[in-house]
Amino acid sequence: MRTLSSQELYAGRVLQLHEDRVEMPDGSTAERVVVDHPGAVVIVPLDGHGNVLLVRQPRYAADRKELLELPAGTREPNEEPKATARRELREETGFDTRDLIPLGGFYSAPGFLSEYLHLFAARDLFASKAEPDEDEFLSLQPTSLDNVPNLIRSGEIEDAKSIAGLLRVIFLEDLTD
C-alpha cells in the first residue's frame, strides 16, 4: 500500500493519531486511521525456582480492572529495546537480570496501531530497587510457570501481550539452562 495523503488528528506525549488515504494493491483507495506508538517491550522474568514474576496493576482503559500481567513498558526516544527491558524490569519488579534473552516480538493490534512489542526472557535475577512511574500502582506476584495455562484459561491473565509472551516461553522456548 502507498500513502496518498495524511492528516494528523492528534499529537500527544506518547502517541499520535492520523488519518491517511492509501492506494490499495488493486489500485483502489481507502481511508486508514492509524495510532503511531514508539514501541514497547515485554519481559518474562523467570526466578530460577519455576516461577514467573507477574505484576498486578489497575488498568483504566481495560474497564478499570486490575490486571495480572508481565512487566512491560514503552520505549523512550532512541532507547534500544534491551535497555528499555532492563529499565522496565527494575522499575516494575525490583529485580534486574544478568541474562536477558531476546525472543523476537509482535504487533499488538496491526489493524490500527503501529506499536511493536519486543519480547525478552530474563533469567539470573537479582534484587534491585523498584521504581514504578508515579502513576503506576503495582504489586509483584510470583506465579508458578506450571500454573500459567490455568490462569490464562480461567481469564485471570487476559491481556494479549502477557498471554503471547507467556505461551511463547512455555511452549516454544527451552529456557531451562
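This is a short talk on the fold, the helix α1, the salt bridges and a few surface features of one protein chain.

Please keep in mind that we are looking at a predicted model. I will start with the whole chain and then go to single residues.

The protein chain has 177 residues, and buried residues make up 37% of them. Along the principal axes, its C-alpha atoms fill a box of roughly 55 × 35 × 30 Å. The accessible surface comes to about 10200 Å², and carbon and sulfur atoms account for 50% of that.

How many helices and strands are there in the protein chain? There are 3 helices and 10 strands. If you read from the N terminus, the order of the elements is β-β-β-β-β-β-β-α-β-β-β-α-α. Now take the contacts between residues at least 6 apart in sequence: 55% of these join residues at least 24 apart.

Next, helix α1. Helix α1 covers residues 81-93, which is 13 residues. From its first C-alpha to its last it reaches 18 Å, close to the 18 Å expected at 1.5 Å a residue. Which residues of α1 are buried? They are P81, T84, A85, R87, E88, L89, E91, E92 and T93. You may notice charged residues on that list, R87 and E88 among them. What covers the buried residues of α1 includes strands from several places in the sequence: β4 (40-45), β5 (51-59), β7 (72-74), β8 (95-107), β9 (116-127) and β10 (139-144).

Just after α1 comes G94, with a positive phi of about 80 degrees. G94 also turns up in a contact with strand β9. A127 is found in that strand, and A127 touches G94 and F95, leaving aside residues up to four places away in sequence. A127 and G94 are 33 residues apart along the chain, yet their C-alpha atoms are separated by 6.2 Å. Is A127 buried or exposed? A127 counts as exposed, because its relative accessibility is 62% and the cut-off for exposed is over 50%.

Now the salt bridges. The structure holds 14 of them, and I will go through a few.

The side chains of D96 and R86 meet in a salt bridge, 2.8 Å from N to O. D96 sits in strand β8 and R86 in helix α1, so to speak of the pair is to speak of a link between distant parts of the chain, 10 residues apart. The two partners are not equally covered: D96 is buried at 7% relative accessibility, whereas R86 is partly exposed at 31%.

Strand β8 takes part in another bridge, between R98 and D124, whose closest N and O atoms are 3.4 Å apart. Here R98 is in strand β8 and D124 in strand β9, and the pair links parts of the chain 26 residues apart. R98 is exposed, with a relative accessible area of 56%, and D124 is partly exposed, with 42%.

The third one is between E31 and R21, with the closest N and O atoms 3.0 Å apart. What does this pair tie together? E31 lies in strand β3 (residues 29-36) and R21 in strand β2, so the pair ties together parts that are 10 residues apart in sequence. Both residues count as partly exposed, E31 at 40% relative accessibility and R21 at 34%.

Besides these pairs, there is a network of salt bridges that links R59, E69, D159 and K161.

On to the aromatic rings. A pair of aromatic rings is described by the distance of the centres and the angle of the planes. The count here comes to 1 aromatic pair. Y107 and Y116 form that pair, with 5.0 Å centre to centre and 75 degrees between the planes, and the arrangement is edge-to-face. Y116 is partly exposed, with a relative accessible area of 27%.

Last, the surface. Which residues form a nonpolar patch there? The patch consists of L9, Y10, L15 and V33, and together they have about 340 Å² of accessible area. One of them, L15, is placed in the loop between β1 (2-11) and β2 (16-23). L15 is partly exposed, at a relative accessible area of 32%. That value lets L15 join the patch, because patch residues need over 30% relative accessible area.

That is the end of my part.

Notes: Residues are numbered from 1 along each chain as its sequence is written. This is a predicted model: local features need pLDDT of at least 70, side-chain atom pairs count only at pLDDT 80 or more; totals for chains, interfaces and linings use all residues. Side-chain values use heavy atoms; hydrogens and water are left out. Patches are made of residues with over 30% relative accessible area and no salt bridge: like charges are joined within 9 Å, nonpolar side chains (Val, Leu, Ile, Met, Phe, Trp, Tyr) within 5 Å. Accessible areas come from the Shrake-Rupley method with a 1.4 Å probe; for residues, only the protein chains shown count as cover. A salt bridge is a side-chain nitrogen of Lys or Arg within 4 Å of a carboxyl oxygen of Asp or Glu. Helices (H or I, at least four residues) and strands (E, at least two) are DSSP runs, numbered from the N terminus. Buried means under 20% relative accessible area, exposed over 50%, partly exposed in between (1.4 Å probe, protein chains only). The expected span of a helix is 1.5 Å times one less than its number of residues. Contact means heavy atoms within 4.5 Å. Rings of Phe, Tyr and Trp (its six-membered ring) pair if their centres lie within 6.5 Å; planes under 30 degrees apart count as stacked, over 60 as edge-to-face and the rest as tilted.
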